[in-house]
Amino acid sequence: MLRRPTRALAASAAALTAITLSACASSDRDSGEGGEAEQQSGGTLVFGATSDPIMLDPAFASDGETFRVIRQVYEGLLTNELGGTDPVPALAEDWQVSEDGLEYTFTLRDGVTFHDGTDFNGEAVCFNFERWFNFEGLAQSPSASTYYQDVFGGFASTPETPNIYAGCEAPDETTAVIRLNRVTSKFPAALSLPAFSIASPTALQEYDADNLSGSEDALTYPAYALEHPTGTGPFRFESWDRGNGEVTIVRNEDYWGDPALLDEIIFRSISDGNTRRQELQAGSIDGYDFVAPADYQSLQDDGFQVLVRDPFNVLYLGINGGGIPGAGANPALQDLRVRQAIAHAIDRDTIVTSLLPEGAEAAVEFMPPTVNGYAEDVTTYDYDPARARQLLQEAGAEGTTLRFFYPTEVSRPYLPDPAAMFQVISQNLTDAGFTVAPTALPWSPDYLNAVQAGGADVHLLGWTGDYNDAYNFIGTFFAAKADGLAKAEFGAFNDPQIFQALAAADAEPDPAARTALYEEANRLIMDYLPGVPISHSPPALVVADNVSGLEPSPLTAEVFSTVSISD
């Protein structure tokens, strides 16, 4: 059964669409009378993940498969609406913002306990915020506390690095007050990120949660992150069988809200997409993520439910055009005409129709049209190989060799088949007069480390939004980092106009003015052209016919507590 939610004009409409379609599909399947059948309680759901989680401490998490498990075990002050992208209450029932935008007062749910029996209260909230702010050593490395640094900045021991966190107070059991150093568009929506889930202070201390070892490129995590993750969520951690690639979570019988319907969920790591499909067809698993577009129809014909998410991502071709000293940067890419030639060389429309699922859209900037701040009048670069060749000639760069990196052993929401995408874009670039030197690397850690260090001339990468805010897309990519430069994958360029535009938009308290500033930032980015946005794609999950209650999320942030499985 194929469900295709129409892309919503607003996140609330997306949620309503997803819920409506779910009800229709379930009623057709279960009752045949137009009325939803009652969901069955109990049972085990086996879900095919693309890989093991890295570990299970939210503060050190940054990848989708880690977040998939964490979202079921932990909760933050806020979450995202079911099937949508807007923040809604979770452990916080409500919040108030001071007139100057620097103080957020959260009213907390009463009677909530962590899985180890520790009380959830204002002190627990502040313990977590102070933990993040006071990270030391390897915990401060970008590979460890990625999201904390992206949202908050520096740490207590790094005063030279700007930080928006000013402190946390707990005036009583059900109140937490978060103070900021400056206004930011990221607050409070960023608190819906699973990286800012609230963990049991007792467990964090007992299992030495902050004691990372190893190196920045190869972190070793303590017992807390591997064996004792402790949140307040509807499921609690049971076991992690690393030999078989299985994480098991079980229903939290003391959950404060509506209890989960399933007894347990097993997340089984199956890296190959064809193998995931075969395991589903054989009945060994009950569902999996990142369905290959070519499999949609055959799975539907076999009676499976293909759940298509609204597109809330961007695939791009990153260009190392800034020139990182010592990184062997290609000087030709510092010429805007060469970057423009790359943009004109790419046939986005063919990519969308031949390599991506129905509902994918060609991208003209680095965020989806549904995010406030999207500009309708950015500079665009239509597919025009002749214009690309002309630009190369004008730049004296005919035949420029591009070290083109692409990943293997992975399928991403925005990039279901990296090898096929590379083949098409490589041919586009060759037709436009470039020489392509390919490099294929395993996704993690080889590929990510290589491109994020600026080792490629051009590379395929993308982003699924974490919450509905422009900064989460273009600020993540192009704002100045702690060293005053942009991300290394884009050549660590230094463009004061872009940096100033993003900083001004982030600090603007008025929503309408902020939107206008982000629109201007998008115009500047597409004029500078640090990369080429390619597409926005609707990735899909698939589940067996006897599974109900799984609402597809544009953020790939599905909640499994509403899921049931019938005999």
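This passage describes two helix packings, a disulfide and a buried serine in a predicted model.

Helix α16, which spans residues 511-528, takes part in both of the packings described here, and its partner in one of them is helix α15, formed by residues 496-507. The axes of α15 and α16 lie 9 Å apart and make an angle of about 160 degrees. Since angles over 145 degrees count as roughly antiparallel, the two helices are therefore roughly antiparallel to each other. Their crossing is left-handed. On the side of α15 the contact is made by Gln 497, Ile 498, Ala 501, Leu 502, Ala 504, Ala 505 and Asp 506, while α16 contributes Arg 514, Leu 517, Tyr 518, Ala 521, Leu 524, Ile 525 and Tyr 528. Sorted by the character of their side chains, the residues of this contact comprise 11 nonpolar, one polar and two charged.

The other partner of α16 is helix α14, residues 470-478, whose axis is 11 Å from that of α16 and is inclined to it at about 35 degrees. Here, too, the helices pass each other in a left-handed crossing. Ala 470, Tyr 471, Ile 474 and Phe 478 of α14 come into contact with Tyr 518, Ala 521, Asn 522 and Ile 525 of α16. Of the residues in this contact, seven are nonpolar and one is polar, and no charged residue is included.

A disulfide is a covalent bond between the sulfur atoms of two cysteines. The model contains one disulfide, which joins Cys 126 to Cys 168 with a distance of 2.0 Å from S to S. The torsion about this S-S bond is about -75 degrees, so the disulfide is left-handed. Distant parts of the chain are linked in this way, for Cys 126 belongs to helix α3 (residues 122-133) and Cys 168 to strand β7 (residues 165-172), and the two cysteines are 42 residues apart. Because residues under 20% relative accessible area count as buried, Cys 126 is classed as buried at 9% relative accessibility, and Cys 168 is likewise classed as buried at 15%.

A further buried residue is Ser 200, which has a relative accessible area of 0%. Ser 200 is located in the loop between strand β8 (175-180) and helix α5 (201-206). When residues up to four places away in sequence are not counted, Ser 200 touches Phe 114, Asp 116, Thr 118 and Thr 230.

Conventions. Residues numbered from 1 in each chain as written. Predicted model: local features only at pLDDT ≥ 70, side-chain atom pairs only at ≥ 80, totals over all residues. Heavy atoms only, no water. Axes fitted to C-alpha atoms, helices over the stretch in contact; angles between N-to-C directions. Helix = DSSP H or I, 4+ residues; strand = E, 2+ residues; numbered from the N terminus. Parallel < 35°, antiparallel > 145°, perpendicular 65-115°, else oblique. Left-handed = near helix turned anticlockwise from the far one by under 90°. Contact = heavy atoms within 4.5 Å. Nonpolar A, V, L, I, M, F, W, Y, C, P; charged D, E, K, R; others polar. Disulfide = S-S within 2.5 Å. Buried < 20%, exposed > 50% of the residue type's maximum accessible area, 1.4 Å probe, protein only.
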